[in-house]
Amino acid sequence: MANQANGWRKWLSPYVHLSGNWISLVGVVLVTTGAVLWITLLPIILRGFTDNPYAGILTFMGLPTIIFGGLILIPVGISLRSRRERNKGIYPSTFPPLDFKNAELRRLLFFVGVTTVVNLIIGAQLLYSGVNYMDSVTFCGQTCHTVMQPEYVAYEHSPHARVACVECHIGPGASWFVRSKLSGSYQVFATIFNVYPRPIPVPVTNLRPARQTCEQCHWPARFEGNRLVIIPHYADDETNSLTKTVLLMHIGGGNGQGGIHGAHVGPGITIRYGSDPTRQKMNWVEYSNAETGKKALFVNDKTDPKTVNPASGRVMDCIDCHNQPTHIFHLPGDAMDEAMANGSIPASLPYVKKEGLVLLQEKYSSREEAAKKISAGLIAFYTQKYPQVIAQQRADVSRAVKGLVAVYQQNVFPKMNVNWGTYPNNLGHMNFPGCFRCHGALHAANDPNKMVPQDCNVCHNLLSMGEANPKILTDLGLAGPSTPSQ
Ligand code: HEC
Ligand code: HEC
Ligand code: HEC
Ligand code: HEC
Ligand code: HEC
């Protein structure tokens, strides 16, 4: 036993001597740091990250880099020093035994001990607060403040404001977790080195197929029937005249009963398409229904049906229509209509729609500048043109200023180059091509006269188009100055 230990010590002692160089010592620091990180992260690793997926960036990328980097530096330093000493002829022929009388060993052990303790103290502190902080939504939405600000602000005001980012961007299951970790880590580096694109491009090409994420909460077989959609519009006249468009949307179900969802995500139905990278211009669409055996190919005027390879296409899913389920960016007119309908901009102020639109569409260099100039602009307008409004409706004017600034700040982010209309919304056909990318735009491959249908009643019944007092709303008992939009 003793002999064996001596053999070990003999073998090791040259390395103790040689490792006293700064390259190896940096390696030692890295390895101890990695080890401490690993121990601190162990509980999270064992728990499978379910609550805190982004801690994975540290574990999957940070830890291996640190530990393996350190492990490589130690022998590199040793061999460099050995070569240097041999070249200079100062390489010792014998080495002192490895015990506590050996000054080099004491120094090395002291160094490892001190770095470990320092690492433990700093590491534990940092990680404790760090891991707590990486609580999903805060981390995803706010850490890289400028980068994610447009998405985060839009999200906060959306129907999904209580749904964590990772529910849609990662979803359940290990394989997507790892995939998203890898691209997530790249994003962290892109942010640190300030090379991220502005605006962040859409579509998100590596997004998990939406049916696996959305259907955790929305069960298309349960959608059914029709939905009454009431859209208020305010004119740009002095009284901001209110009209309403009323649609009966044929929501339909994914259970074969037709309608919008039945037609695209119903049982057995697969729709594939080929498009430009923005997915705004469709070249061809293939419809196939495994239950009825129906198959049909539609193309635009420029596409030769013979060149179409359906296997290369994207399978249509929820986000080909709902591309803004939560990052909802409006155009100025719609955003003002919504704010006026819910009262955050009082419709009783003369010309507030018209003036508001002018102020919203000016160019500002930052959100702060916009806030200042928009409020100054609106107050100046009423002071000059309507002094009696300033005198009698001061509170309304202040509310309008607040509402207008909010409309701007929820939709425009100059630092990220996100302006009005930067992100198209595909759910509709008035502001962006949306449904009409296919409907009315593509014709059957074998019959130029047969289009993907565009009749106005296929998707909705138009019950009222911009009427002041739609009879249908009176009949339903929904008439009133402002009606909820559902
Ligand atoms: C309800 C599901 C859902 C939630 C919750 C969600 N996202 Fe998204 N997000 C999407 C979809 C779908 C897209 C893809 C849009 C496209 O490809 O056209 C997207 C796109 C993005 C983009 C690309 C730019 C853009 O505006 O389209 C970013 C960045 C983003 N999300 C960040 C976040 C952050 C940060 C959070 C949490 C604060 C979050 N998302 C929460 C569904 C969601
Ligand atoms: C973790 C659960 C969850 C996930 C995942 C989720 N949603 Fe939702 N969704 C909700 C909740 C909750 C609401 C709000 C219902 C309400 O306000 O009545 C909602 C509302 C909606 C609405 C109705 C909005 C409106 O204006 O009425 C649509 C459309 C929608 N989600 C689409 C999607 C799409 C598309 C995805 C996938 C990208 C998705 N959701 C993922 C929970 C979820
Ligand atoms: C072909 C386009 C399209 C596809 C694909 C699509 N939807 Fe929809 N969806 C719509 C339209 C249009 C509406 C109605 C919007 C409105 O009322 O203003 C709607 C409404 C909804 C609503 C609100 C339902 C209600 O009763 O108010 C939810 C939730 C929803 N969709 C989820 C999904 C999910 C999940 C998927 C994927 C499985 C999906 N949609 C696929 C177009 C689509
Ligand atoms: C990628 C192409 C594409 C887009 C985008 C698209 N659709 Fe479709 N849609 C189709 C195809 C293909 C059919 C099947 C046509 C057929 O059977 O002849 C269809 C069928 C339908 C039908 C059934 C028509 C019928 O005759 O019964 C409805 C309703 C519908 N779509 C609504 C919508 C709505 C609403 C949107 C936008 C939110 C939309 N679609 C966007 C490709 C598309
Ligand atoms: C392929 C499906 C589809 C077809 C075909 C279609 N629409 Fe629409 N339409 C929609 C959707 C989806 C919306 C958005 C509803 C929403 O905003 O909630 C919409 C919205 C509208 C609106 C309200 C817009 C607003 O902001 O006030 C009007 C008006 C309208 N459609 C008229 C028509 C007319 C006219 C036709 C016939 C040329 C037609 N639509 C054909 C799907 C369709």
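**Reading three ligand shells and two cores**

Student: Which side-chain N or O atom is 2.8 Å from a nitrogen atom of ligand 1?

Tutor: That atom belongs to the side chain of H327. Keep in mind that the model is predicted. A pair of N or O atoms is read as a polar contact when the two are within 3.5 Å, and the H327 pair is at 2.8 Å.

Student: Which oxygen contacts does ligand 1 have with E151 and V204?

Tutor: An N or O atom in the E151 side chain is 2.7 Å from a ligand 1 oxygen. At V204 the partner is a backbone N or O atom, 2.9 Å from an oxygen of ligand 1.

Student: How many residues are around ligand 1, and which come nearest?

Tutor: There are 24 residues around ligand 1, and E151, C165, C168, H169 and H327 come nearest. By class, the shell holds 17 nonpolar residues, six polar and one charged. At least two shell residues come from each of α5 (136-142), α6 (145-156) and α7 (165-169). The largest share, four residues, is from α6.

Student: Why does ligand 1 lie between domain 2 and domain 3?

Tutor: Look at where the shell residues come from. Domain 2 (139-207) and domain 3 (227-325 + 427-476) both contribute to the shell around ligand 1, so ligand 1 lies between them. The shell around ligand 2 also takes residues from both domain 2 and domain 3, so ligand 2 lies between them.

Student: Which residues surround ligand 2?

Tutor: Among them are C168, C214, C217, H160, H218, R227 and H322. The classes are seven nonpolar, four polar and one charged. Polar side-chain atoms of H160 and H218 each lie 2.7 Å from a nitrogen atom of ligand 2. In addition, an N or O atom in the R227 side chain is 3.4 Å from a ligand 2 oxygen.

Student: What polar contact does R227 make with ligand 3?

Tutor: An N or O atom in the R227 side chain is 2.9 Å from an oxygen atom of ligand 3. For nitrogen atoms of ligand 3, the side chains of H261 and H322 each offer an N or O atom at 2.8 Å. Two or more shell residues come from each of β1 (227-234), α10 (259-265) and α11 (318-321), and α10 has the largest share, three residues. Of the 18 residues around ligand 3, R227, H261, C318, C321 and H322 come nearest. The shell divides into 11 nonpolar, four polar and three charged residues.

Student: How should I read the nonpolar cores?

Tutor: In soluble globular proteins, nonpolar side chains tend to be buried together. Here the largest core has 29 residues, of which I345, L360, I374, Y382, L404 and Y408 touch the most other members. Helices α12 (332-341), α13 (352-361), α14 (367-385), α15 (387-392) and α16 (394-411) each give at least two residues to this core, with α16 giving the most, seven.

Student: What does Y382 touch, leaving aside its neighbours within four places in sequence?

Tutor: Y382 is in contact with L349, P350, Y351, V352, P387, V389, I390 and V397. There is also a second, separate core of 13 residues, including Y273, V285, F298 and V452.

Student: How many helices and strands are there in the chain?

Tutor: The chain has 18 helices and nine strands. Of its 486 residues, 37% are buried. Among contacts with a separation of 6 or more, 66% join residues 24 or more positions apart.

Key: Residues numbered from 1 in each chain as written. Chains lettered and ligands numbered in written order. Predicted model: local features only at pLDDT ≥ 70, side-chain atom pairs only at ≥ 80, totals over all residues. Heavy atoms only, no water. Near = heavy atom within 4 Å. Polar contact = N/O pair within 3.5 Å; in protein donor to acceptor, adjacent residues only side chain to side chain. Nonpolar A, V, L, I, M, F, W, Y, C, P; charged D, E, K, R; others polar. Domains from an automatic or database assignment. Core = buried A, V, L, I, M, F, W, Y, C linked by side-chain atoms within 4.5 Å. Buried < 20%, exposed > 50% of the residue type's maximum accessible area, 1.4 Å probe, protein only. Contact = heavy atoms within 4.5 Å.
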